[in-house]
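Here is a short report for a reader meeting this chain for the first time. Please look at the sequence and the structure before reading on.

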Amino acid sequence: MKNMHRREFSTALLGASALAVGLPAAAQGGPVEGTHYVRLGQPLAVTAPAGKVEVVEFFWYGCPHCNVFEPMLEAWAKKLPADVSFRRVPVAFRDEPFGTHQRIYYALETLNQVEAMHRKVFYAIHNDRQKLDKPADIAAFMTKNGLDGAKFVEVMNSFGVQTKARQAKQLAEAYKIDGVPALGVQGRFYTSGSLAGSPEQSLRVTDFLIERSRKA
């Protein structure tokens with residue numbers, strides 16, 4: 001499945017042959033640098049504690065590929081060993097609707113509601129066809145799901161959430177992310193379904209990169 005790119009917002013899927021890209025090489029000798037994953041020219045600082053490997057998922061709520069990827073990612077993340085620190089980073093390739101969706105995520109994070117609401121936001125956008133790009137609609141959606149809608153919008157517009165959004169933009173630019181979903185590892189590598197060959201394969205490549213980062 002192709003990633004949702006900065007300049008490409010269609011929901012077109014790759015053919016079955018394209019999904020198989022990367023599988024033979026990965027099966028024979030492991031993922032190949034420059035083909036299945038990219039090494040950053042300049043390593044980045046990570047937020048994970050010393051002794052842990054940081055994995056970052058870059059996503060956008062409006063991306064159909066991120067929506068399909070989320071259940072796989074969630075199942076994978078639940079099985080991560082204790083020395084792996086996983087976090088999500090919403091991207092904003094342009095101000096709207098990306099910026100609003102970015103602030104939705106960070107407001108959920110601030111209110112400790114990611115676990116309860118993350119998948120529901122994806123469902124609302126992709127199954128119920130809600131845009132969730134206007135404060136009134138976001139407030140109504142949150143109220144319907146048991147949160148204080150007015151408070152949620154207030155948190156979305158808070159200095160703390162805006163600061164996190166700026167930091168997310170800087171990190172995505174530093175990783176040179178131009179499509180989502182994508183996975184960054186330890187500030188040194190990133191991979192994606194487009195590079196690895198499929199969403200499932202991108203998780204296998206990430207496992208490889210985690211192990212490589214442990215040995216570094």
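## The sheet

In which sense do strand 2 and strand 7 pair, and over how many bridges? They pair in the antiparallel sense, and two bridges join them. Within this pairing, Val 38 stands opposite Tyr 190 of strand 7. The model shown is a predicted one.

The wider sheet is open and has five strands. Their order is 2-7-6-3-4, and the pairing is mixed. Strand 2 (38-39) and strand 4 form the edges. Each of these two pairs on one side only.

## The chain as a whole

The chain holds ten helices and seven strands. It has 216 residues, and 46% of them count as buried. The exposed surface comes to about 10,700 Å². Carbon and sulfur atoms supply 53% of that surface.

Contacts often span long stretches of sequence. Take the contacts between residues at least 6 apart in sequence: 73% of them join residues at least 24 apart. Gly 30 and Phe 208 give a case of distant residues brought together in space. They are 178 residues apart along the chain, yet their C-alpha atoms are separated by 7.9 Å. Gly 30 sits in the loop between helix 2 (23-29) and strand 2. Is Gly 30 buried or exposed? Its relative accessible area is 16%, so Gly 30 counts as buried.

## Two nonpolar cores

The largest nonpolar core has 40 residues. Phe 58, Ile 104, Leu 108 and Met 142 have the most contacts inside this core. Several elements each supply at least two of its residues: strand 3, helix 4, helix 5 (114-126), helix 6 (135-144), helix 7 and helix 8. A second core is separate and has 16 residues, including Val 53, Leu 73, Val 185 and Leu 209.

What does Leu 108 touch, beyond its neighbours within four places in sequence? Its contacts are Tyr 61, Gln 113, Val 114, Met 117, His 118, Val 121, Met 142, Leu 147 and Phe 152.

## Helix 8

Helix 8 runs over residues 159-175, which makes 17 residues. From first C-alpha to last, helix 8 reaches 24 Å. That is close to the 24 Å expected at 1.5 Å a residue. Lys 176 follows helix 8 and has a positive phi, near 60 degrees.

Which residues of helix 8 are buried? They are Val 161, Thr 163, Ala 165, Ala 168, Leu 171, Ala 172 and Tyr 175. These buried residues pack against both strands and helices. The strands are strand 3 (53-59), strand 4, strand 6 (182-185) and strand 7 (189-192). The helices are helix 4 (95-110) and helix 7 (149-156).

## A buried arginine

Arg 88 belongs to strand 4 (residues 84-90). Why does Arg 88 count as buried? Its relative accessibility is 14%, and buried means under 20%.

The side chain of Arg 88 has polar partners. One polar contact, of 2.7 Å, is with the side chain of Glu 70. Another, of 3.3 Å, is with the side chain of His 118. Beyond its neighbours within four places in sequence, Arg 88 is in contact with Glu 57, Phe 59, Glu 70, Leu 73, Tyr 105, Tyr 106, Val 114 and His 118.

## Backbone exceptions

Most residues other than glycine have a negative phi, and most peptide bonds are trans. Some places in this chain depart from that pattern.

Take the peptide bonds. The bond from Glu 96 to Pro 97 is cis, with omega near 5 degrees. Pro 97 lies in helix 4. Val 180 and Pro 181 are also joined by a cis bond, and here omega is about 0 degrees. Pro 181 is in the loop between strand 5 (179-180) and strand 6.

Now take phi. Asn 112 is not a glycine, but its phi is positive, about 55 degrees. It is found in the loop between helix 4 and helix 5. With 69% relative accessibility, Asn 112 counts as exposed. Gln 186, another residue other than glycine, also has a positive phi, near 55 degrees. Gln 186 is placed in the loop between strand 6 and strand 7.

Definitions and conventions
Residues numbered from 1 in each chain as written. Predicted model: local features only at pLDDT ≥ 70, side-chain atom pairs only at ≥ 80, totals over all residues. Heavy atoms only, no water. Helix = DSSP H or I, 4+ residues; strand = E, 2+ residues; numbered from the N terminus. Buried < 20%, exposed > 50% of the residue type's maximum accessible area, 1.4 Å probe, protein only. Polar contact = N/O pair within 3.5 Å; in protein donor to acceptor, adjacent residues only side chain to side chain. Contact = heavy atoms within 4.5 Å. Expected span 1.5 Å × (residues − 1). Pairing = 2+ DSSP bridges. Core = buried A, V, L, I, M, F, W, Y, C linked by side-chain atoms within 4.5 Å. Areas by Shrake-Rupley, 256 points an atom, 1.4 Å probe, with all protein chains shown as cover.
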